[in-house]
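Let's work through some short exercises together. Have a look at the sequence and the model first, then try each task before reading its solution.

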Amino acid sequence: MLTVIIPARDVGPFIVETVHSVLTQTVRDIEVLVIDDGSQDDTRARVESIADPRLRLLAAPGNGAGAARNLALAQAQVGIAMGTVGMA
């Protein structure tokens with residue numbers, strides 16, 4: 001299993017496409033962790049609209065991409081993780 005970490009702040013217009021891009025890869029045994037890092041837009045609602053059991057949404061207080069990634073690493077269910085850039 002592979003964990004994909006997507007830190008996100010105020011990326012509502014792009015987040016659904018980003019998550020779908022990960023979920024439709026040939027590697028199917030994955031978990032996708034999106035960390036909403038204090039978004040002021042509809043990022044959280046857009047992620048919540050995606051129905052896939054491999055996706056988990058975490059909330060962070062807005063401390064930046066590094067802190068968001070660290071939160072996700074602590075919550076990851078597997079030891080191998082990779083990230084994407086998703087912070088505005």
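**Exercise 1: Ser 39 and its surroundings**

Task: Find which side chain the side chain of Ser 39 makes a polar contact with.

Solution: Step one, look at Asp 36: its side chain makes a polar contact with that of Ser 39 at 2.5 Å. A polar contact is a pair of N or O atoms within 3.5 Å; within protein, one must be able to donate a hydrogen and the other to accept it, and residues adjacent in sequence count only if both atoms are side-chain atoms. Step two, follow the Ser 39 side chain to the backbone nitrogen of Asp 10, at 2.8 Å. Step three, decide on burial: Ser 39 counts as buried because its relative accessibility is 15% (buried means under 20% relative accessible area, with a 1.4 Å probe and protein chains only).

This is a predicted model, in which local features need pLDDT of at least 70, side-chain atom pairs count only at pLDDT 80 or more, and totals for chains, interfaces and linings use all residues. Residues are numbered from 1 along each chain as its sequence is written, and side-chain values use heavy atoms, leaving out hydrogens and water.

**Exercise 2: The elements around the loop**

Task: Place Ser 39 between its two neighbouring elements.

Solution: Step one, Ser 39 sits in the loop that links strand 2 (30-37) with helix 2 (43-48). Helices (H or I, at least four residues) and strands (E, at least two) are DSSP runs, numbered from the N terminus. Step two, strand 2 runs parallel to strand 3 (residues 55-60), joined by six bridges. Step three, Leu 33 has Arg 56 of strand 3 as its bridge partner.

Definitions and conventions. Buried means under 20% relative accessible area, exposed over 50%, partly exposed in between (1.4 Å probe, protein chains only). Two strands pair if DSSP finds at least two bridges between them.
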